[in-house]
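Good morning, colleagues. Please take a moment with the sequence and the model on the screen before I begin.

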Amino acid sequence: MTATILLSIGIVFLAELGDKSQLMALTFALRYRWWVVLGGIATATAAVHVISVAVGYFLGTALPTRAIAVVAALVFLAVGLWTLREHASSEPEDDPEEPFEAPVAGGSLLRRTAAAPFFVVLSAFLLAELGDRTMFATAALATDNHWAGVWLGSTIGMVAADALAIAIGILIGKHLPEHAIGIGSALLFLFFGALTGIGAGWPELATPQSVAAAAAVPLIAGGALWVLRRRARGAEPETVAEHVPGVTDRSR
């Protein structure tokens with residue numbers, strides 16, 4: 001049993017290094033508290049790996065992976081747009097060195113309680129991992145090894161890999177203002193959503209082309225946000241001059 005656990009930990013940990021799951025964990029860590037993100041990842045991982053080791057490879061191939069990928073893409077895009085909309089109308093903090101802390105009150109619904117972010121992380125990882133290569137690897141391991149050892153080891157391996165990404169996200173978050181983190185995480189969510197959707201719709205497309213096409217979505221969204229903010233700032237002096245008595249617009 002011990003050998004099976006260690007084997008599963010090693011295989012899954014190495015398989016997850018540089019995978020989209022780590023990037024997702026880092027992105028969520030920029031947005032929510034680390035223990036909420038880690039709890040959601042651990043719960044989703046345990047649930048997915050229960051399916052893979054209990055039923056095995058044949059159920060994994062029968063899963064509607066394309067439909068699941070489409071739903072996951074929509075979830076990522078929705079979270080990205082929601083986050084971008086949150087920060088589109090807000091101004092950067094006066095102190096650019098102030099580290100990110102999720103407010104207890106006055107923020108969005110997703111940051112007011114631990115429950116909402118937990119279910120966001122849980123659902124996102126459930127959808128992302130169903131039909132993923134890690135699920136198939138876990139199912140393959142379970143065919144020749146004890147299912148409990150494979151389940152425990154694969155869960156530990158994936159959580160450990162994602163915990164590493166969360167730690168990186170925490171370090172990054174300490175040196176960036178909340179506004180920059182919000183915009184950056186929104187653009188990353190849009191990238192993941194576009195990449196997942198492209199993979200579901202055009203699986204024959206090579207990885208470099210898929211990444212390039214997916215990167216266009218956050219670039220377009222970021223450019224649109226920049227234009228909107230520039231226009232809003234350009235209109236601000238005129239608005240002040242029109243509504244404050246005795247103030248004239250010198251640009252006229």
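I shall go through the overall fold, two helix pairs, a surface patch and one residue in a helix.

Please keep in mind that this is a predicted model. The chain is built from 11 helices and has 0 strands. Read from one end of the sequence to the other, the pattern is therefore α-α-α-α-α-α-α-α-α-α-α, where helices are DSSP runs numbered from the N terminus. The chain has 252 residues, of which 40% count as buried.

Let me turn to the helix pairs. Two packed helices are described by the angle between their axes and the distance between the axes.

The first pair I have chosen is α1 and α8. Helix α1 covers residues 2–16, and helix α8 covers residues 133–144. Their axes come within 11 Å of each other and cross at roughly 160°. Because of that angle, α1 is roughly antiparallel to α8; the cut-off for this description is an angle over 145 degrees. As for handedness, the crossing of α1 and α8 is right-handed.

The other pair is α2 and α9. Helix α2 spans residues 20–31, while helix α9 spans residues 147–173. The axes of α2 and α9 come within 8 Å, and the crossing angle is roughly 40°. These two helices are therefore oblique to each other, since angles have to be under 35 degrees to count as roughly parallel. The crossing of α2 and α9 is also a right-handed one.

Next, the surface. Which residues form the nonpolar patch there? They are Leu14, Leu17, Leu164, Ile168 and Ile172, and together they have about 430 Å² of accessible area. Helix α9 supplies the largest share of this patch, namely 3 residues.

One member of the patch, Leu17, is found in the loop between α1 and α2. Is Leu17 buried, partly exposed or exposed? Its relative accessible area is 39%, so Leu17 is partly exposed. That value also satisfies the patch criterion, because patches are made of residues with over 30% relative accessible area.

Finally, I would draw your attention to Ala215, which lies in helix α11, residues 207–243. Ala215 has a relative accessibility of 24% and therefore counts as partly exposed, given that buried means under 20%. In sequence, Ala215 and Leu190 are 25 residues apart. In space, the C-alpha atoms of Ala215 and Leu190 are separated by 8.6 Å.

Thank you for your attention.

How values were computed
Residues numbered from 1 in each chain as written. Predicted model: local features only at pLDDT ≥ 70, side-chain atom pairs only at ≥ 80, totals over all residues. Heavy atoms only, no water. Patch = residues over 30% accessible without salt bridge, like charges linked within 9 Å, V, L, I, M, F, W, Y side chains within 5 Å. Areas by Shrake-Rupley, 256 points an atom, 1.4 Å probe, with all protein chains shown as cover. Salt bridge = Lys/Arg side-chain N within 4 Å of Asp/Glu carboxyl O. Helix = DSSP H or I, 4+ residues; strand = E, 2+ residues; numbered from the N terminus. Buried < 20%, exposed > 50% of the residue type's maximum accessible area, 1.4 Å probe, protein only. Axes fitted to C-alpha atoms, helices over the stretch in contact; angles between N-to-C directions. Parallel < 35°, antiparallel > 145°, perpendicular 65-115°, else oblique. Left-handed = near helix turned anticlockwise from the far one by under 90°.
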